[in-house]
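Q: Please take a close look at one helix pair in this model, and then set that pair beside the other packing and pairing arrangements that can be described with the same care.

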Amino acid sequence: KKKRKTKKNSAGDTVVLWHFLTDAAFLSSFHLLRNLNPENELKRYFGARAVLGDQRPRQRQRQYVRSMWLTAPKNTWPRYSKTGISMQLLDTRRGVQHFTFEHHREYQQVQFKFLDAVESMDPNNIVLLLQMNPYHVDSLLQLSDVCRMQEDQEMARDLIERALYSLECAFHPVFSLTSGTCRLDYRRPENRAFFLALFKHLMFLEKRGCPRTALEFCKLILSLDPEDDPLCVLLLIDFLSLRAREYSFLTRLFQEWESHRNLSQLPNFAFSVPLAYFLLSQQEERPELERGQARERAARLIQLALIMFPSVLMPLLDHCSVQPDARVASHPFFGLNAQISQSPALNQLTSLYVGRTHALWKDPAVMAWLEPHVHEVLRMVDARDALVQEAERKIRYQSAPRNIYRHIILSEMKEATAALPLEVTSQPVMGFDPLPPLDSIVSYTRPERYHLLPWHSQLCSLHALSPRPGWALGAGISPMAEEELWCSRQAELQAGLVLLLPMVVTTGHSQP
């Protein structure tokens with residue numbers, strides 16, 4: 001019995017190790033460091049002269065600039081000095097290196113002041129804190145959200161880049177962005193800022209028109225914790241792959257990970273992978289045999305997606321301003337019942353996918369490809385096909401894990417945020433640490449404070465600093481009062497930030 005038990009465990013370990021090795025090999029081939037620079041992508045689109053302009057002479061004059069991979073330091077930034085953040089190698093298991101950021105005592109004191117500033121109900125206190133500590137990461141993340149709410153996208157992006165620069169300066173000498181074997185545990189609060197800064201940075205890159213660079217940052221986030229995926233970037237990576245026209249990468253990711261990650265159970269992969277195969281089949285430079293195989297896979301997978309997630313079709317057509325024909329519109333399989341009968345968690349995922357990717361489906365060629373497969377699925381439904389009956393028996397997503405909620409909050413897709421459950425919307429959601437894990441590994445704690453602000457003042461502060469109105473402890477406030485409170489706080493923010501933000505940018509000397 002002892003031998004058998006050992007054999008069984010050994011076989012199980014072998015399977016886990018095999019999955020790890022395939023994941024590590026795939027993650028290590030994810031990206032090259034040059035693809036993390038958005039200027040390289042913009043040069044491909046517009047040419048070096050249009051992108052760089054008259055920057056070259058100035059860059060030649062700059063000396064002693066530390067070479068960075070994630071972002072380039074700017075002349076307008078304050079002079080960098082050690083902030084009190086470092087990175088330590090915790091251990092190495094099965095070829096995987098586990099790191100963590102650490103806050104030294106001086107940085108912990110600044111962190112406590114930051115939390116005081118958050119509770120002070122005045123974001124200008126964060127601005128003042130950044131004047132004294134221009135590279136405090138959580139302050140940069142939080143103030144970036146405030147600037148974004150004020151429509152100051154340039155400042156918001158600049159603050160995120162500065163946060164990334166501060167964190168990269170603290171990297172351990174053997175920490176690698178491309179090996180695929182370096183891990184950070186999101187349960188440790190010190191590590192979360194790096195995940196969040198990367199995510200916010202890639203969102204700015206995508207809006208800036210750099211989807212390929214955004215995809216590389218998405219891959220980087222996934223490589224830091226591919227098992228738990230704390231920001232659930234698997235819900236985003238398909239969209240960025242399609243936007244960047246990296247169709248082969250998306251199909252390969254699906255093939256490599258489907259066996260042990262069940263990616264087909266996610267609506268975004270169920271629909272985006274067949275779309276990627278279809279777009280591959282349209283590339284005339286590919287051999288005819290390869291194009292034919294891609295067409296067959298696209299047909300098979302899109303029919304399976306429509307059967308598994310029928311609630312996606314009608315909202316997708318509606319967002320694309322496409323009127324379905326009478327048969328599709330009147331059939332109960334794709335009708336209103338498909339939306340009503342799905343679980344709230346599945347509704348969040350389908351709403352997120354439709355809101356994010358509907359523009360990719362607007363192409364007339366894509367709609368022409370989709371239409372016959374919709375009719376084929378209806379034929380299978382009417383014929384009581386075994387594939388349809390098997391899909392109907394499966395109940396998916398009774399409840400969503402916390403990382404999906406975290407992703408929806410960070411993405412700020414109104415279609416999905418409207419479907420968030422009460423237990424999420426009734427608690428404060430802060431930009432520097434949205435929905436922290438319930439099993440956090442805390443290395444230091446904030447000293448107990450004896451002079452706390454009144455409860456209603458804390459409510460106002462959380463409301464003012466939350467990414468969106470209503471994402472604070474406002475369960476007892478009427479919608480009209482909540483709107484008035486929000487508007488008044490925005491007026492105060494605008495007045496104060498106009499005066500103080502320039503000081504955040506220009507405080508200190510130029511970057512050495």
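A: In this predicted model, the axes of helix H7, spanning residues 137-149, and helix H8, spanning residues 153-168, come within 8 Å and cross at roughly 165°. An angle over 145 degrees counts as roughly antiparallel, and H7 and H8 are therefore roughly antiparallel to each other. The handedness of the arrangement is also defined, since H7 passes H8 in a left-handed crossing. On the H7 side, the residues that meet H8 are Val137, Leu140, Leu141, Leu143, Ser144, Cys147 and Arg148. On the H8 side, their counterparts are Gln153, Met155, Ala156, Leu159, Ile160, Arg162, Ala163, Ser166 and Leu167. Sorted by class, this contact of H7 with H8 holds eleven nonpolar, three polar and two charged residues.

A second helix pair can be described in the same terms. The axes of helix H13 (residues 267-281) and helix H14 (residues 288-308) come within 8 Å, and they cross at roughly 155°. H13 and H14 are therefore roughly antiparallel to each other, and their crossing is left-handed. From H13, the contact draws on Ala270, Phe271, Val273, Pro274, Tyr277, Phe278, Leu280 and Ser281, while H14 contributes Arg291, Ala294, Arg295, Arg297, Ala298, Leu301, Ile302, Ala305 and Leu306. The residues of this contact of H13 with H14 comprise 13 nonpolar, one polar and three charged.

H13 also has a contact with helix H18 (residues 344-357), where the two axes come within 9 Å and cross at roughly 35°. Here Pro267, Asn268, Phe271 and Ser272 in H13 meet Leu346, Leu349, Thr350 and Tyr353 in H18. By class, the contact of H13 with H18 has five nonpolar residues, three polar residues and no charged ones. Phe271 is thus named among the H13 residues that meet H14, and Phe271 is named again among those that meet H18.

Turning from helices to strands, three strands form an open sheet in the order S1-S2-S3, with mixed pairing. The edge strands are S1 and S3, each of which pairs on one side only. Averaged over this sheet, and with direction ignored, neighbouring strands are turned by 35° against each other.

The mixed character can be followed pair by pair. Strand S1 (residues 85-93) and strand S2 (residues 96-103) run antiparallel and are joined by eight bridges. Within that pairing, Thr92 stands opposite Gln97 in S2, and Arg93 has Val96 in S2 as its bridge partner. S1 and S2 form a hairpin with two residues between them, and in the turn Arg94 has a positive phi of about 55°. By contrast, S2 and strand S3 (residues 182-184) run parallel and are joined by three bridges, with His98 standing opposite Arg183 in S3.

As for confidence, the mean pLDDT of the protein is 83, and 76% of its residues reach 70 or more. Over residues 57-64 the pLDDT is below 50, and this stretch has six contacts in the model beyond near neighbours in sequence. The pLDDT is likewise below 50 over residues 508-512, a stretch that has 22 contacts in the model beyond near neighbours in sequence.

Conventions:
Residues numbered from 1 in each chain as written. Predicted model: local features only at pLDDT ≥ 70, side-chain atom pairs only at ≥ 80, totals over all residues. Heavy atoms only, no water. Axes fitted to C-alpha atoms, helices over the stretch in contact; angles between N-to-C directions. Helix = DSSP H or I, 4+ residues; strand = E, 2+ residues; numbered from the N terminus. Parallel < 35°, antiparallel > 145°, perpendicular 65-115°, else oblique. Left-handed = near helix turned anticlockwise from the far one by under 90°. Contact = heavy atoms within 4.5 Å. Nonpolar A, V, L, I, M, F, W, Y, C, P; charged D, E, K, R; others polar. Pairing = 2+ DSSP bridges. pLDDT = per-residue confidence, 0-100.
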